[in-house]
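Please examine the structure shown here before reading on. The explanation beneath it moves from one helix to its packing partners and then to individual residues.

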Amino acid sequence: MFKPTCTPLAHGARFKQPQLAASLHKLARDGFRSFYEGELAQDVLAGLTALGVPISAKDLAETKARLEAPLRQTYRTLTLLAPPPPTQGITTLQIMGILNALDISDVKRNSAEHIHRVAEAVKHAFRDRKMLADPDFADPKIDQCLQPDYLTEHAGQITERAAPWPDVFQPADTVYFAVVDDQGRCASCLQSTYLDRGSGVVVGDTGIIWQNRGSAFSTDPKHPSMIAPGKRPFYTLNPGIALNNGRPHLLYGTQGADGQPQTLAMLLTHLIDYGADACSTMTSPRFLLGRTFSDATDNLKIE
(Lines give C-alpha, C1' and ligand atoms only; values in the text may rest on other atoms or scores of the structure.)
Protein backbone atom coordinates (compact mmCIF):
# COMPACT_ATOMS: atom_id res chain seq x y z
CA MET A 1 0.00 0.00 0.00
CA PHE A 2 2.86 2.40 0.77
CA LYS A 3 4.95 1.50 -2.28
CA PRO A 4 5.01 4.14 -5.04
CA THR A 5 6.10 1.40 -7.45
CA CYS A 6 5.75 -2.37 -7.51
CA THR A 7 9.09 -2.78 -5.74
CA PRO A 8 9.82 -2.15 -2.04
CA LEU A 9 11.51 1.10 -1.09
CA ALA A 10 15.28 0.95 -0.71
CA HIS A 11 16.91 1.78 2.61
CA GLY A 12 17.03 5.56 3.03
CA ALA A 13 14.64 6.22 0.15
CA ARG A 14 12.22 9.11 0.49
CA PHE A 15 8.51 8.38 0.31
CA LYS A 16 6.21 11.30 -0.48
CA GLN A 17 2.44 11.50 -0.02
CA PRO A 18 1.46 14.81 -1.65
CA GLN A 19 -2.28 13.99 -1.62
CA LEU A 20 -2.28 13.31 2.11
CA ALA A 21 -0.18 16.44 2.63
CA ALA A 22 -2.80 18.47 0.75
CA SER A 23 -5.54 17.03 2.98
CA LEU A 24 -3.56 17.89 6.12
CA HIS A 25 -3.01 21.41 4.78
CA LYS A 26 -6.78 21.86 4.36
CA LEU A 27 -7.35 20.66 7.93
CA ALA A 28 -4.75 23.11 9.23
CA ARG A 29 -6.18 25.96 7.16
CA ASP A 30 -9.90 25.37 7.68
CA GLY A 31 -10.03 23.59 11.06
CA PHE A 32 -10.76 19.98 11.98
CA ARG A 33 -14.48 20.32 11.18
CA SER A 34 -13.55 20.70 7.52
CA PHE A 35 -13.18 16.92 7.46
CA TYR A 36 -16.95 16.77 8.03
CA GLU A 37 -18.16 20.11 6.67
CA GLY A 38 -15.90 21.85 4.18
CA GLU A 39 -13.66 21.49 1.18
CA LEU A 40 -11.97 18.36 2.50
CA ALA A 41 -15.38 16.85 3.28
CA GLN A 42 -16.35 17.31 -0.36
CA ASP A 43 -13.13 15.58 -1.44
CA VAL A 44 -13.87 12.70 0.93
CA LEU A 45 -17.47 12.40 -0.29
CA ALA A 46 -16.37 12.36 -3.92
CA GLY A 47 -13.96 9.54 -3.16
CA LEU A 48 -16.51 7.55 -1.16
CA THR A 49 -19.19 8.00 -3.84
CA ALA A 50 -16.80 6.69 -6.48
CA LEU A 51 -16.29 3.61 -4.29
CA GLY A 52 -20.04 3.06 -3.94
CA VAL A 53 -20.11 3.94 -0.22
CA PRO A 54 -23.58 5.29 0.76
CA ILE A 55 -22.29 8.03 3.10
CA SER A 56 -23.86 11.42 2.43
CA ALA A 57 -22.90 15.03 3.20
CA LYS A 58 -25.57 14.94 5.90
CA ASP A 59 -23.93 11.88 7.50
CA LEU A 60 -20.56 13.61 7.69
CA ALA A 61 -22.03 16.89 8.96
CA GLU A 62 -23.90 15.08 11.74
CA THR A 63 -20.71 13.36 12.97
CA LYS A 64 -19.82 15.01 16.27
CA ALA A 65 -17.54 14.12 19.17
CA ARG A 66 -19.20 13.71 22.56
CA LEU A 67 -18.12 14.77 26.01
CA GLU A 68 -18.95 11.79 28.21
CA ALA A 69 -18.44 11.25 31.93
CA PRO A 70 -15.99 8.37 32.49
CA LEU A 71 -16.97 5.19 34.31
CA ARG A 72 -15.23 4.69 37.66
CA GLN A 73 -14.02 1.69 39.59
CA THR A 74 -12.09 1.52 42.86
CA TYR A 75 -8.97 -0.61 42.79
CA ARG A 76 -7.03 -0.78 46.06
CA THR A 77 -6.32 2.90 46.91
CA LEU A 78 -6.84 4.23 43.37
CA THR A 79 -9.84 5.15 41.22
CA LEU A 80 -9.72 3.81 37.67
CA LEU A 81 -11.43 5.73 34.86
CA ALA A 82 -12.62 4.26 31.56
CA PRO A 83 -14.80 5.41 28.64
CA PRO A 84 -18.42 4.16 28.68
CA PRO A 85 -20.07 1.86 26.11
CA PRO A 86 -20.02 1.29 23.22
CA THR A 87 -16.36 0.81 24.21
CA GLN A 88 -15.20 -2.15 26.29
CA GLY A 89 -13.86 0.18 29.00
CA ILE A 90 -16.44 -1.24 31.39
CA THR A 91 -14.94 -4.70 30.79
CA THR A 92 -11.54 -3.53 32.02
CA LEU A 93 -13.18 -1.98 35.09
CA GLN A 94 -15.11 -5.20 35.77
CA ILE A 95 -11.90 -7.24 35.65
CA MET A 96 -10.23 -4.89 38.09
CA GLY A 97 -13.34 -4.79 40.29
CA ILE A 98 -13.35 -8.59 40.52
CA LEU A 99 -9.63 -8.57 41.32
CA ASN A 100 -10.24 -5.86 43.91
CA ALA A 101 -12.49 -8.36 45.71
CA LEU A 102 -9.65 -10.89 45.63
CA ASP A 103 -6.62 -10.50 47.86
CA ILE A 104 -3.53 -11.23 45.77
CA SER A 105 -1.02 -9.89 48.30
CA ASP A 106 -0.07 -13.48 49.12
CA VAL A 107 0.43 -14.36 45.45
CA LYS A 108 3.92 -14.24 43.95
CA ARG A 109 4.30 -11.83 41.05
CA ASN A 110 4.38 -13.53 37.61
CA SER A 111 3.48 -16.86 39.20
CA ALA A 112 0.97 -19.30 37.77
CA GLU A 113 -1.49 -18.22 40.48
CA HIS A 114 -1.07 -14.55 39.51
CA ILE A 115 -1.89 -15.33 35.89
CA HIS A 116 -4.69 -17.72 36.88
CA ARG A 117 -6.53 -15.18 39.01
CA VAL A 118 -6.31 -12.44 36.42
CA ALA A 119 -7.33 -14.82 33.61
CA GLU A 120 -10.35 -16.04 35.57
CA ALA A 121 -11.40 -12.45 36.31
CA VAL A 122 -11.17 -11.77 32.56
CA LYS A 123 -13.47 -14.72 31.81
CA HIS A 124 -16.12 -13.51 34.24
CA ALA A 125 -16.02 -9.94 32.90
CA PHE A 126 -16.21 -11.10 29.29
CA ARG A 127 -19.51 -12.85 30.02
CA ASP A 128 -21.12 -9.41 30.17
CA ARG A 129 -19.22 -7.98 27.20
CA LYS A 130 -21.77 -9.38 24.77
CA MET A 131 -24.24 -6.76 26.05
CA LEU A 132 -22.02 -3.83 25.05
CA ALA A 133 -23.57 -1.60 22.40
CA ASP A 134 -24.52 2.02 21.80
CA PRO A 135 -26.45 3.07 24.95
CA ASP A 136 -28.70 5.22 22.72
CA PHE A 137 -30.09 2.00 21.24
CA ALA A 138 -29.51 -0.74 23.83
CA ASP A 139 -29.05 -1.17 27.58
CA PRO A 140 -25.52 -2.34 28.45
CA LYS A 141 -26.52 -2.52 32.15
CA ILE A 142 -23.68 -0.30 33.31
CA ASP A 143 -24.95 0.10 36.87
CA GLN A 144 -25.36 -3.65 37.36
CA CYS A 145 -21.97 -4.55 35.89
CA LEU A 146 -20.06 -2.29 38.28
CA GLN A 147 -22.06 -2.99 41.43
CA PRO A 148 -19.65 -4.05 44.24
CA ASP A 149 -21.90 -6.96 45.28
CA TYR A 150 -22.10 -8.16 41.68
CA LEU A 151 -18.31 -8.06 41.27
CA THR A 152 -17.76 -9.73 44.64
CA GLU A 153 -20.16 -12.51 43.58
CA HIS A 154 -18.05 -13.10 40.47
CA ALA A 155 -14.88 -13.11 42.56
CA GLY A 156 -16.40 -15.76 44.83
CA GLN A 157 -16.93 -18.07 41.85
CA ILE A 158 -13.23 -18.16 40.98
CA THR A 159 -11.64 -21.41 42.10
CA GLU A 160 -8.41 -23.26 41.43
CA ARG A 161 -10.03 -24.79 38.34
CA ALA A 162 -9.96 -22.82 35.08
CA ALA A 163 -13.41 -21.91 33.72
CA PRO A 164 -14.32 -22.19 30.01
CA TRP A 165 -13.51 -19.21 27.76
CA PRO A 166 -16.84 -17.50 27.01
CA ASP A 167 -15.99 -15.09 24.19
CA VAL A 168 -15.32 -15.16 20.45
CA PHE A 169 -12.61 -13.61 18.34
CA GLN A 170 -12.84 -10.01 17.06
CA PRO A 171 -9.74 -8.57 15.34
CA ALA A 172 -8.51 -4.95 15.36
CA ASP A 173 -5.52 -2.64 14.79
CA THR A 174 -4.74 0.12 17.28
CA VAL A 175 -2.19 2.67 18.54
CA TYR A 176 -2.08 4.06 22.12
CA PHE A 177 -0.40 7.24 23.30
CA ALA A 178 -0.40 9.26 26.53
CA VAL A 179 0.65 12.88 26.97
CA VAL A 180 1.33 14.93 30.12
CA ASP A 181 2.39 18.59 30.12
CA ASP A 182 4.51 20.47 32.66
CA GLN A 183 1.40 21.49 34.59
CA GLY A 184 0.11 17.95 34.98
CA ARG A 185 -2.66 18.15 32.39
CA CYS A 186 -2.90 14.82 30.63
CA ALA A 187 -4.58 12.85 27.89
CA SER A 188 -4.87 9.07 27.54
CA CYS A 189 -5.70 8.26 23.91
CA LEU A 190 -6.34 5.33 21.58
CA GLN A 191 -6.63 5.66 17.82
CA SER A 192 -7.59 2.93 15.39
CA THR A 193 -8.67 2.50 11.79
CA TYR A 194 -9.80 -1.05 12.74
CA LEU A 195 -8.18 -4.15 11.26
CA ASP A 196 -4.87 -4.02 9.43
CA ARG A 197 -4.83 -0.73 7.46
CA GLY A 198 -8.50 -0.15 8.24
CA SER A 199 -10.58 -0.82 5.13
CA GLY A 200 -7.41 -0.98 3.05
CA VAL A 201 -8.90 1.66 0.74
CA VAL A 202 -7.54 5.16 0.08
CA VAL A 203 -10.45 7.56 -0.47
CA GLY A 204 -10.27 9.32 -3.81
CA ASP A 205 -7.31 11.66 -4.14
CA THR A 206 -7.26 12.59 -0.43
CA GLY A 207 -4.49 10.18 0.58
CA ILE A 208 -6.70 9.17 3.54
CA ILE A 209 -7.05 5.49 4.43
CA TRP A 210 -10.70 4.89 5.37
CA GLN A 211 -11.49 3.06 8.59
CA ASN A 212 -13.94 0.16 8.77
CA ARG A 213 -15.36 0.26 12.30
CA GLY A 214 -18.76 -0.47 10.80
CA SER A 215 -17.69 -4.09 10.36
CA ALA A 216 -18.31 -4.49 14.11
CA PHE A 217 -22.04 -4.13 13.50
CA SER A 218 -24.26 -7.21 13.32
CA THR A 219 -27.05 -7.95 10.84
CA ASP A 220 -28.87 -10.06 13.43
CA PRO A 221 -32.01 -8.13 14.49
CA LYS A 222 -31.68 -9.58 18.01
CA HIS A 223 -28.07 -8.49 18.46
CA PRO A 224 -27.50 -5.35 20.60
CA SER A 225 -25.16 -4.04 17.89
CA MET A 226 -27.59 -4.56 15.03
CA ILE A 227 -26.73 -1.97 12.39
CA ALA A 228 -29.00 1.10 12.38
CA PRO A 229 -28.87 4.75 11.22
CA GLY A 230 -26.96 7.01 13.59
CA LYS A 231 -25.80 4.09 15.72
CA ARG A 232 -22.26 3.68 17.03
CA PRO A 233 -20.66 0.23 16.72
CA PHE A 234 -19.12 -1.64 19.63
CA TYR A 235 -15.40 -0.99 19.69
CA THR A 236 -12.51 -2.23 21.77
CA LEU A 237 -10.68 1.03 22.47
CA ASN A 238 -10.50 1.77 26.20
CA PRO A 239 -7.70 4.09 27.34
CA GLY A 240 -7.57 4.61 31.08
CA ILE A 241 -6.48 6.97 33.82
CA ALA A 242 -5.94 6.04 37.47
CA LEU A 243 -6.60 8.74 40.05
CA ASN A 244 -4.92 9.00 43.43
CA ASN A 245 -6.88 11.26 45.80
CA GLY A 246 -8.67 12.74 42.80
CA ARG A 247 -5.53 13.59 40.83
CA PRO A 248 -4.11 11.77 37.78
CA HIS A 249 -1.61 9.17 38.95
CA LEU A 250 -1.23 6.75 36.06
CA LEU A 251 -2.13 6.80 32.36
CA TYR A 252 -2.45 3.47 30.60
CA GLY A 253 -3.68 1.79 27.44
CA THR A 254 -2.74 -0.79 24.84
CA GLN A 255 -3.56 -2.14 21.41
CA GLY A 256 -4.79 -5.69 21.08
CA ALA A 257 -8.54 -5.78 20.36
CA ASP A 258 -10.08 -8.39 22.69
CA GLY A 259 -6.72 -8.61 24.46
CA GLN A 260 -6.81 -4.98 25.62
CA PRO A 261 -8.58 -5.55 28.97
CA GLN A 262 -6.44 -8.64 29.55
CA THR A 263 -3.15 -6.81 29.03
CA LEU A 264 -4.32 -3.84 31.09
CA ALA A 265 -5.31 -6.10 33.99
CA MET A 266 -1.84 -7.63 34.11
CA LEU A 267 -0.12 -4.24 33.81
CA LEU A 268 -2.24 -2.73 36.57
CA THR A 269 -1.63 -5.60 38.98
CA HIS A 270 2.12 -5.27 38.40
CA LEU A 271 2.11 -1.52 38.93
CA ILE A 272 -0.41 -1.27 41.77
CA ASP A 273 -0.31 -4.56 43.68
CA TYR A 274 3.39 -5.26 43.35
CA GLY A 275 4.76 -1.72 43.08
CA ALA A 276 6.75 -2.66 40.00
CA ASP A 277 8.41 -0.01 37.84
CA ALA A 278 7.27 0.65 34.28
CA CYS A 279 10.22 -1.10 32.63
CA SER A 280 9.87 -4.41 34.49
CA THR A 281 6.09 -4.24 34.05
CA MET A 282 6.35 -3.86 30.29
CA THR A 283 8.84 -6.71 30.00
CA SER A 284 6.93 -9.12 32.25
CA PRO A 285 5.15 -12.04 30.55
CA ARG A 286 1.46 -11.64 29.74
CA PHE A 287 -1.32 -13.88 28.51
CA LEU A 288 -4.07 -13.87 25.92
CA LEU A 289 -7.37 -15.67 26.19
CA GLY A 290 -9.04 -16.39 22.88
CA ARG A 291 -7.86 -15.68 19.37
CA THR A 292 -6.44 -12.53 17.85
CA PHE A 293 -4.85 -11.72 14.50
CA SER A 294 -3.21 -14.90 13.12
CA ASP A 295 -3.94 -17.18 16.11
CA ALA A 296 -6.18 -20.13 15.33
CA THR A 297 -7.39 -21.36 18.72
CA ASP A 298 -9.54 -20.00 21.56
CA ASN A 299 -7.18 -21.09 24.32
CA LEU A 300 -4.89 -19.48 26.90
CA LYS A 301 -1.58 -18.32 25.47
CA ILE A 302 1.20 -17.37 27.91
CA GLU A 303 4.43 -15.56 27.05
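The paragraphs that follow describe helix packing and then three individual residues. The model is a predicted one, and every value given below was computed from it.

A convenient starting point is helix α4, which covers residues 89-100 and therefore, on the definition of a helix as a DSSP run, is numbered by its place from the N terminus. Its 12 residues reach 16 Å from the first C-alpha to the last, close to the 16 Å expected at 1.5 Å a residue. Because 11 of the 12 residues of α4 are buried, the helix is largely enclosed by the rest of the structure. The buried residues are G89, I90, T91, T92, L93, Q94, I95, M96, G97, I98 and L99. What do these buried residues of α4 pack against? Their partners are two strands, β1 (71-75) and β2 (78-82), together with the helices α5 (112-129), α6 (142-145), α7 (148-156) and α8 (260-273).

Two of these neighbours, α5 and α7, can be followed in detail. The axes of α4 and α5 lie 8 Å apart, and the two helices pack at an angle of about 135°. They are therefore oblique to each other, and their crossing is right-handed. On the α4 side the contact involves T91, Q94, I95, I98 and L99, which meet R117, V118, A121, V122, H124, A125, F126, D128 and R129 of α5. By character, the residues of this contact divide into eight nonpolar, three polar and three charged.

The axes of α4 and α7 come within 8 Å and cross at roughly 65°. That angle makes α4 roughly perpendicular to α7. The crossing of α4 and α7 is likewise right-handed. Here Q94, G97 and I98 of α4 meet Y150, L151, H154 and A155 of α7. The residues of the contact comprise four nonpolar, three polar and no charged. Q94 and I98 of α4 thus appear in the contact with α5 and again in the contact with α7.

From α5 the path leads to α8. These two helices pack at an angle of about 140°, with their axes 10 Å apart. That makes α5 oblique to α8. The crossing of α5 and α8 is right-handed. Helix α5 contributes H114, I115, V118, V122 and F126 to the contact, while α8 contributes P261, Q262, A265, M266, T269 and H270. Seven of the contact residues are nonpolar, four are polar and none is charged. V118, V122 and F126 of α5 take part in this contact and also in the contact with α4.

Helix α8 itself has 14 residues and reaches 19 Å from its first C-alpha to its last, close to the 20 Å expected at 1.5 Å a residue. The helix is mostly covered, with 11 of its 14 residues buried. Those residues are Q260, P261, Q262, T263, L264, A265, M266, L267, L268, T269 and H270. Just after α8, G275 takes a positive phi of about 60°.

Individual residues add detail to this picture. H114 lies in helix α5. Is H114 buried or exposed? With a relative accessible area of 2%, H114 is buried, since buried means under 20%. Leaving aside neighbours within four places in sequence, H114 is in contact with V107, K108, R109, M266, T269, H270 and Y274. Among these, M266, T269 and H270 belong to the α8 side of the helix contact described above.

T263 is placed in helix α8. At 11% relative accessibility, T263 counts as buried. Not counting residues up to four places away in sequence, T263 touches T254 and R286. T263 and G253 are 10 residues apart in sequence and 8.8 Å apart in space, C-alpha to C-alpha.

The last residue lies in a strand. C189 is part of β4, which spans residues 186-191. C189 is partly exposed, with a relative accessible area of 23%. Not counting residues up to four places away in sequence, C189 touches V175, Y176, F177 and P239. The C-alpha atoms of C189 and T281, 92 residues apart along the chain, are separated by 20 Å.

Methods:
Residues are numbered from 1 along each chain as its sequence is written. This is a predicted model: local features need pLDDT of at least 70, side-chain atom pairs count only at pLDDT 80 or more; totals for chains, interfaces and linings use all residues. Side-chain values use heavy atoms; hydrogens and water are left out. Helices (H or I, at least four residues) and strands (E, at least two) are DSSP runs, numbered from the N terminus. The expected span of a helix is 1.5 Å times one less than its number of residues. Buried means under 20% relative accessible area, exposed over 50%, partly exposed in between (1.4 Å probe, protein chains only). Contact means heavy atoms within 4.5 Å. Axes are lines fitted to C-alpha atoms, for helices over the stretch in contact, and angles run from 0 to 180 degrees between N-to-C directions. Angles under 35 degrees count as roughly parallel, over 145 as roughly antiparallel, 65 to 115 as roughly perpendicular and the rest as oblique. A crossing is left-handed if the near helix is turned anticlockwise from the far one by less than a right angle, and right-handed if clockwise. Ala, Val, Leu, Ile, Met, Phe, Trp, Tyr, Cys and Pro count as nonpolar, Asp, Glu, Lys and Arg as charged, and the others, Gly among them, as polar.
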